[in-house]
Amino acid sequence: MSGVVKAPGNVTVTFDATDITQYLDQAELQAAVAELETTALNSVAQEYIPGLPNWQGNLKVAKWDSVIDGIIAANVLTPAKKNCIWTFKDATAVTVTYTWTNNAFFTGYNISGAIGTKIESSPSLRLSGNPTRA
Amino acid sequence: MKGTEMGVLVDEFVFDGATSKVEITFDVPEQEATNLASSGQEFEPFPSKMQIAQTGYFEGIADGSLEKELNRRLAKTGVIVTALVGKSATPCIAYSILNCANMTMKFGAPMDNLVTLDGAWGVATNPRRGKRIYSGTLSAIGTTPSVDYGAGAYANGGWAILHVTGIAGAASGAQIVVESSANGTTGWTAEATFTVSAKGAYALALVGSVDRYLRVNLTNKGGATSLTFQAIVSLT
């Protein structure tokens, strides 16, 4: 099948001017649009209009260390909106960029260590408003 | 980094031996700020809260057991808890919550496995990220090796936290001083002086500028043969 791309090397995530891609083994960017029901008494089927998009990012840290911890902890201890940029490169090496300018902050951060596993972390990002897509 | 590089200190207790998992969790509430001119849903962050959860084993009911100490602190504030990450090194990352309480006590009894016991420390308003600068036993007056907190301007003080886990003999007014220096060799300044007469956890606010190199200075054993403790510093 032509056109598909591997994730490694073709996705980047930058938060507050720091490229954090090297720390991640999973990055998920999601826009969810609420359905606003407009079904009326004369409808023959359920009817909806789209609400506003709601953007979130879910990350998984592959190799936790004090550097990535310092970046994320600084934002969760003193929450503030920062820049965040996601890029995806396609099979022809063309890149699409989603940029939030001073509109991104971490809403969740965990550091988990258990017997028989490595230290794991799955931070979640709120991306407020719509991005600039280029 | 292996999961066993995490550790948990609860007041004067090291519960690593009864704990199979530690999880530090931050939750940042958000409030919607979407308005009629928005093209996408908009949000503002609010102050965060931190919780340290531990999953462990039910190993007995005596003083000092996980069960006894979780229960003693259930819904009672005043507890100091520190979760360590990368504990085999000094310094290592340390997350502390001052004046917290145990918010959960959950026994698990599966038919084909051990009895488990979980607790979760929270509701404090002062979560801190810092570094453990010393872990060990001092049996003589003197200083510990200097630790580099890292380059940066620490102009707004912070906190020093002490978990005293063992006293050989009896201590009355032992003094443990946290000191800082700009170069790690000379010009040491006392930043916080702990007066210790019993095992437990202690926290002192640091005021003003603190230099990047830190160490502990045992200046008075208070009559004890030795003191065993872990010292954490969190700078702003």
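These legends describe close-up views of a predicted model.

**View 1. A cis peptide bond sits between B:T90 and B:P91.**
The omega angle of this bond is about 5°. Most peptide bonds are trans. B:P91 belongs to a loop of chain B. That loop runs between β7 (79-85) and β8 (92-108).

**View 2. B:A75 has a positive phi.**
The angle is about 65°. B:A75 is not a glycine. Most residues other than glycine have a negative phi. Look for B:A75 in the loop between α1 (66-72) and β7 of chain B. Is B:A75 buried or exposed? B:A75 counts as exposed because its relative accessibility is 64%, and the cut-off for exposed is over 50%.

**View 3. B:N99 also has a positive phi without being a glycine.**
Here phi is about 60°. B:N99 lies in a strand, β8 of chain B. Its relative accessibility is 45%, so B:N99 counts as partly exposed.

**View 4. The largest nonpolar core holds 52 residues.**
Which residues touch the most other members of this core? They are B:I24 and B:I52. Chain A takes part too: its strand β6 (residues 95-114) gives the most to this core, with eight residues. In soluble globular proteins, nonpolar side chains tend to be buried together.

**View 5. B:I52 and the residues it touches.**
Leave aside residues up to four places away in sequence. B:I52 then touches B:V8, B:V22, B:E23 and B:I24, among others. Its contacts also include B:V81, B:T82 and B:A83. B:Y95 and B:I97 are touched as well. So are B:G119, B:A120 and B:W121. Apart from the largest core lies another core, of 27 residues. Among them are B:I133, B:Y149, B:L227 and B:F229.

**View 6. B:C92 and B:C100 are cysteines without a bond between them.**
How many disulfides does the structure hold over all chains? The count is zero. B:C92 is in no disulfide, and its nearest cysteine sulfur is that of B:C100, 18 Å away. Why is there no bond for B:C100? Its closest cysteine sulfur, in B:C92, is 18 Å away, which is too far for a bond. A disulfide needs the two sulfur atoms within 2.5 Å. B:C92 counts as buried because its relative accessibility is 4%. B:C100 has 0% relative accessibility, so B:C100 counts as buried.

Key: Residues are numbered from 1 along each chain as its sequence is written. Chains are lettered from A and ligands numbered from 1 in the order in which they are written. This is a predicted model: local features need pLDDT of at least 70, side-chain atom pairs count only at pLDDT 80 or more; totals for chains, interfaces and linings use all residues. Side-chain values use heavy atoms; hydrogens and water are left out. Helices (H or I, at least four residues) and strands (E, at least two) are DSSP runs, numbered from the N terminus. Buried means under 20% relative accessible area, exposed over 50%, partly exposed in between (1.4 Å probe, protein chains only). A nonpolar core is a set of buried Ala, Val, Leu, Ile, Met, Phe, Trp, Tyr and Cys residues joined through side-chain atoms within 4.5 Å. Contact means heavy atoms within 4.5 Å.
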